[in-house]
Amino acid sequence: MTTTAPEAGRLEAVFDAAVAADERIEPRDWMPDAYRATLVRQIAQHAHSEIIGMQPEANWITRAPSLRRKAILMAKVQDEAGHGLYLYSAAETLGTSRDELLDKLHAGRQRYSSIFNYPTLTWADVGAIGWLVDGAAITNQVPLCRCSYGPYARAMIRICKEESFHQRQGYELLLALSRGTEAQHAMAQDAVDRWWWPSLMMFGPPDDESSHSAQSMAWKIKRHSNDELRQRFVDICVPQAASLGLTLPDPDLRWNEERGHHDFGPIDWDEFHEVLRGNGPCNDQRISRRRQAHEEGAWVREAAAAYAAKHGEAKA
Amino acid sequence: MKEPATSAALALGDDALVLSHRLGEWAGHAPVLEEEVALANIALDLLGQARTLLSLAGDEDELAFLREERQFRNVQLVEQPNGDFAHTIVRQLYFSLYQQSLYGQLAAGDSPFVPLAAKAVKEVTYHRDHAEHWILRLGDGTAESHARAQTALDALWRFTGELFQPVEGLPVDFDALRDGWLAEVTAVVGRATLTLPDGPRSGAWTAGAGRQGIHTESFGRMLAEMQHLHRSHPGATW
């Protein structure tokens with residue numbers, strides 16, 4: 001559809017006024033192309049993270065050490081598939097499709113969170129993911145409940161409720177290990193040592209290197225900068241680590257009275273960029289597993305489509 | 001519980017535990033996201049049933065993690081490897097139809113299993129519905145899906161006879177269960193344009209001794225994976 005210049009200007013002014021007034025932008029509303037593209041990129045990346053994020057945890061479903069823990073973990077991985085579904089639906093309101101987004105994921109043309117390229121080596125990693133990774137995700141995502149795009153904001157409200165629950169379960173799992181046998185305590189500490197820094201990287205590059213941040217904040221897609229959220233997360237985790245009876249692997253971590261925040265040591269951004277470039281410990285494994293599930297499932301999807309065509313059933 | 005009721009709880013609990021575990025292996029491998037949710041959902045229902053039943057018989061974790069394969073009482077059908085999606089669906093179809101009738105009878109009767117059965121029958125009705133919808137799609141979908149579904153029906157058929165062996169302590173009419181099951185499975189498989197095998201569903205050489213603790217070879221490996229962490233930390237709580 002072509003729009004005349006004065007008309008485009010008027011639409012843009014309506015959009016800007018709605019964002020300024022903290023109103024929600026809805027799928028049928030006019031929006032700048034770049035706003036639409038940014039949201040598709042961000043929501044797709046978020047959806048992909050839920051789907052890829054099932055792998056490191058599903059890795060432990062068959063080995064969970066008690067039936068209660070096994071049930072909790074299965075329910076969590078199921079929730080993640082559900083979150084992926086909400087988010088693909090939210091992305092679809094912007095004029096893309098789940099199939100198209102999955103193709104881009106499989107082709108390596110869209111990203112997912114760098115954190116899921118780390119391996120789950122022990123049972124305690126399941127707890128560390130719950131506490132730290134879900135904790136970081138929630139810190140990032142709670143402000144998204146007020147994001148300017150309505151379908152994304154509403155998906156985040158549902159997702160954050162479940163994520164908070166997962167995070168408490170992860171904390172409780174680590175607490176049980178920390179208070180358990182010596183071997184269990186050591187397992188918990190080792191997991192926290194391996195997951196701490198990658199969790200801090202989940203907030204993205206420092207503010208002065210974050211290419212999308214300023215525009216996203218102006219559009220009220222983002223509400224806080226990467227560094228603000230990272231600081232908030234560190235401040236939340238320090239007392240929680242103390243009550244878990246575990247330490248965080250950062251010799252520079254200390255309370256700064258003047259700032260009213262914890263200072264913390266430098267992040268290894270080289271590692272971050274390597275992981276983003278596909279050179280993390282599990283990048284190849286995660287994406288080939290996803291592709292494999294998709295390819296091996298092709299005949300099932302084709303069967304469902306053929307059946308639906310014959311019987312006028314909605315596509316499965 | 002009385003001894004026969006305890007062994008019955010173990011038999012049904014082991015069925016649910018083992019099938020739940022197999023379905024849990026699908027996490028991250030399903031053909032569509034909706035099936036990630038559905039298979040995990042069924043696995044969770046079954047795990048819930050297993051926990052209730054094993055708790056009737058003793059400590060759920062001791063029973064799940066510290067018995068060896070000769071002590072497990074599940075039917076061999078539920079321990080069969082997932083195979084392709086058609087194998088998983090056929091295993092689920094055979095088993096859900098069985099479980100639905102079994103729990104239906106138990107819920108209407110008078111035994112320690114009434115509360116569990118009343119809850120489980122609702123869950124199993126959903127599992128059956130899911131399996132039936134998929135067998136229709138696979139059977140009456142493409143030539144490939146039809147062939148795969150038929151292969152799965154044939155391959156798992158020999159494990160179905162065992163479902164109808166009487167279980168001590170279970171007040172269930174197994175003859176009626178078998179007749180009802182056969183009628184239902186015949187009907188749905190027919191609607192799916194597939195055929196049930198002619199051969200025996202049980203017999204001296206066929207599967208049939210899971211309830212006596214005689215299992216198939218893949219089962220030991222499944223237990224090794226399931227139990228290794230629990231066994232590596234004797235006495236620990238999780």
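## Ground rules

Helices (H or I, at least four residues) and strands (E, at least two) are DSSP runs here, numbered from the N terminus. With that in hand, Asp14(B) can be placed in helix α1 of chain B, residues 3–24.

This is a predicted model, so to speak of local features takes pLDDT of at least 70, side-chain atom pairs count only at pLDDT 80 or more, and totals for chains, interfaces and linings use all residues. Residues are numbered from 1 along each chain as its sequence is written, chains are lettered from A and ligands numbered from 1 in the order in which they are written, and side-chain values use heavy atoms, with hydrogens and water left out.

## Asp14(B) and its surroundings

Asp14(B) is buried, at a relative accessible area of 0%. On this scale buried means under 20% relative accessible area, exposed means over 50%, and partly exposed is in between (1.4 Å probe, protein chains only). Leaving aside residues up to four places away in sequence, Asp14(B) touches Leu54(B), Arg67(B), Gln71(B), Phe72(B), Arg73(B) and Asn74(B), where contact means heavy atoms within 4.5 Å.

With Arg67(B), the side chain of Asp14(B) makes a polar contact of 2.7 Å. The term stands for a pair of N or O atoms within 3.5 Å; within protein, one must be able to donate a hydrogen and the other to accept it, and residues adjacent in sequence count only if both atoms are side-chain atoms.

## Where the two chains meet

What does the A–B interface look like in numbers? On the chain A side 47 residues are in contact with 49 residues of chain B. The size of an interface is often given as the accessible area lost when the parts come together. Here the area buried between chain A and chain B is about 4,100 Å², and carbon and sulfur atoms give 68% of that. Buried area is the accessible area (1.4 Å probe) that two parts lose on being put together, summed over both.

Between chain A and chain B there are 2 salt bridges, a salt bridge being a side-chain nitrogen of Lys or Arg within 4 Å of a carboxyl oxygen of Asp or Glu. Glu34(B) pairs with Arg98(A) in a salt bridge, with the closest N and O atoms 2.5 Å apart. The rule also finds 13 residue pairs in polar contact across this interface, both residues at pLDDT 80 or more. Several helices of chain A each supply at least two residues of the side that touches chain B, among them α3 (54–58), α7 (150–178) and α12 (283–296). The largest share, 14 residues, comes from α4(A). By class, that side of chain A has 28 nonpolar, 9 polar and 10 charged residues. For the classes, Ala, Val, Leu, Ile, Met, Phe, Trp, Tyr, Cys and Pro count as nonpolar, Asp, Glu, Lys and Arg as charged, and the others, Gly among them, as polar.

## Salt bridges within the chains

Over all chains the count comes to 28 salt bridges. One of them joins the side chains of Arg154(A) and Glu26(A), at 2.8 Å from N to O. Arg154(A) lies in helix α7 of chain A and Glu26(A) in the loop between α1 (5–20) and α2 (33–52), so the pair ties together parts that are 128 residues apart in sequence. Arg154(A) is partly exposed at 42%, and Glu26(A) is partly exposed at 23%.

Arg69(A) forms a salt bridge with Glu172(A), the closest N and O atoms being 2.9 Å apart. This pair links helix α4 to helix α7 of chain A, 103 residues apart. Arg69(A) is buried at 3%, whereas Glu172(A) is partly exposed at 31%.

## A network in chain B

Arg128(B) and Glu132(B) meet in a salt bridge of 2.9 Å, N to O. Both sit in helix α6 of chain B (residues 114–139), 4 residues apart, so about one helical turn separates them. Arg128(B) is buried at 18%, as is Glu132(B) at 12%. Salt bridges that share partners join these two with Glu184(B) and Arg191(B) into one network.

## Cysteines without disulfides

The structure holds 0 disulfides over all chains, a disulfide being a pair of cysteine sulfur atoms within 2.5 Å. For Cys145(A), the nearest cysteine sulfur is that of Cys160(A), 3.9 Å away. Cys147(A) has its closest cysteine sulfur in Cys145(A), at 9.5 Å, which is too far for a bond. Cys145(A) is buried at 16%, and Cys147(A) is buried at 0%.
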